[in-house]
Amino acid sequence: MEFKRLDKRKGSGAASIRSRYAYLIHLPDIDYFPETNEKGVRLEGDIVLKDGRTMIPVYLTNPSQEYSYDTQGADDEKTFRVKFTGTHPGTELEALEFSKNLIEESFLILIPSCDKNTPGKLLGQIENPMIFTSTHKAAKDGDKFTFSFEQRIGSEFIYFSYGGIISLPPGGDDPDIPVPPSPGFDPTKWARRDASNIDDDNVLLWREALRIYNEDRILTLGAITATTTTLTLDLHSSGVNSVLMSGVERSKTEGDDFTFAPVSAGKLKYVLLYALPDPQLFHIIEGVEGNEAIYPDLPPGAMLIKAVLISEFGALLEDADAGYKPLAEDPWRNIVINSNAAVNIIVASSPSASFNVLVGAGVTAPKIAAIKTKVKKNTRDGQEITFYNDSDTPVALLAGDYEETLVYTTFPFADNYEIKPRSFAKFKRKENKYHELAGGGSASFPEGAAPGDVLTEGTEGPEWSNRLTTAETAITAINNRTSSVVDKMLHYWDATAGKWLSSGVEWVSAGILKVKSVILTTNTGTALPDELGFDGVNVFFGNTKRKLAFKDEIFEHNVRGKRVEATVSGTYAIDLNAGSHFSLTATTATTISFANMILADETCSISMTVTGELLTMPSWLIRDNYSDDPKVDKKREYTIIIKKGGVSPSGRFNVINM
């Protein structure tokens, strides 16, 4: 039975003192219960109830309300058991129904505070709720229900402090149920699902925490292309390039062409395409060229459209499409190394923590010295970065010293590392230096190893070995070998002699070999369709393992064949691959056909012994004139000669009744 609330009816019970309500939370109605703070008392969030469920306001006379706890257990195992009681005046039907139907049910009890700055008290826990019981007394001074809620076992908690949302049912005919103040929690630390506790003063703080830096977006935009000196924004296929800025749609019905200065040899710079709410709408701004490209600062109110990295070789559009990407995202940033001098990666307004390293033409020893930043939020320990070496040249990461100036903070690497070609490495900042993460990709290049060495387990632990180099040397010797073997012979490598030797098998032409003899090993498994094999007894051919006949098995006009026995009825196909004599017992009249028919230029003969019902032969088999008429009560001996196979076979047969 569902209860929305329990009120005091006017005139019932004793004279009313100041009205007070306790709020019951039925345990099965709870969808989410918040965690406490580190001290285990204050609940950091709202109690969320299931759809359609609310707290139950229950009127209890103010002087009668009493909540308490007692302490139980040994000195080192103290627990707390909470109890709450209150008197509900009157004998109205709702109170009786409430008592009868909710007896022994589990609740949490909220005692609200009348001070808007003070959270209420919550009694009970999900794991250890308050159990409801009640008593009633009708006396000369009035009728009263005593409602009791008590934990049956002790726990480590006493009362909780709750300042979250209080979910109440509609007031109905009695809209005067007081809604207690809900002071909420610090809006700089948490937000309700509906953001009802986030005021204008805290919006910017939450946008920063959630990395929401720009609410503007592109609506329609044409293709963007760039060269070493130009950037072109084509008109969208709809005929309009448009963006939404501060909730206002701004558009332009023509494309744009921009020019900028080229960069010097070995230098890089960024050119940014952005939008401003002015008649021109779309603009570009150039960064300062250098060994590393740095994002220039955008004008106030600008919306970034595209970042283009310019080098002497061309332009690289950092986004894969023409869509707007806010700076708060973490796109992969391209780092182009165009000289052998060590470069620093500058992290300014760009939040990139993933770097795609490209190596320019002619660079043989690319090096990265450190990460430099002038943004305060980028200087904390714990920040992780990822490198991908998108080149065929190893890239060295150099150990160095931490440095802090008025302009930049420099974070070096803790040790010398090497990023192998086409591989990645991940690092985490600790004590102002970047350390490689375990399992984070390419390992550092250890000392004491030469190119080509491999790490092996030696007698005294891991050690470097030149086995790979030795193997490469041996392969080189093989490739540079000289040989006196006969041409067109298959060769094999003789490790003892250290050279290639003739196998005695001659290559005649494509698919044809000449050998002196073939030794077949026993194959008792599945044969291949065109295999010549030996099953331990017979030499066979094909996956049906047809036996090959030898000279001592061949007699005049006869080759040893196979006998097949079968009981037939209705139809039967004689498989010419299965045997040469068929012993058939026909239980009903049977029509004969042939399977695996011979070719048109082949002939064959078979015999049959038949008992039982009569057989009907194919029309292309003609019975000899001197043949007996088959008798059903006789055993019949058939001789069948197929003179021509193929799709239009012909032949004859003869029957002798025995």
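Begin by selecting strand 44 and strand 45 (residues 604–612) in this predicted model: the two strands run parallel and are joined by six bridges. To see one of these pairings at the residue level, display Phe582, whose bridge partner in strand 45 is Met608.

Keep strand 44 in view and add strand 43. Strand 43 covers residues 563–575 and strand 44 covers residues 581–595. This pair is also parallel, with 12 bridges between the two strands. Select Thr567 next; the residue opposite Thr567 in strand 44 is Thr585.

A further neighbour of strand 44 is strand 46, at residues 615–616. Here two bridges make the connection, and the strands again run parallel. Label Thr590 together with Leu615, since these residues are the next stop: Leu615 of strand 46 stands opposite Thr590.

Now move to an antiparallel arrangement. Select strands 18, 19, 20 and 21, which form an open sheet of four strands. Across the sheet, the order to follow is 19-18-20-21. Strand 19 (282–286) and strand 21 (314–317) are the edge strands, each of them pairing on one side only. From one strand to the next, the twist averages 25 degrees.

Within this sheet, isolate strand 20, residues 303–311, with strand 21. Four bridges link the two strands in the antiparallel sense. Finish by displaying Leu309 and Leu316: Leu316, in strand 21, is the bridge partner of Leu309.

As a general point for viewing the backbone, strands of a sheet pair through backbone hydrogen bonds, in either a parallel or an antiparallel manner.

How values were computed: Residues are numbered from 1 along each chain as its sequence is written. This is a predicted model: local features need pLDDT of at least 70, side-chain atom pairs count only at pLDDT 80 or more; totals for chains, interfaces and linings use all residues. Side-chain values use heavy atoms; hydrogens and water are left out. Two strands pair if DSSP finds at least two bridges between them. Axes are lines fitted to C-alpha atoms, for helices over the stretch in contact, and angles run from 0 to 180 degrees between N-to-C directions.
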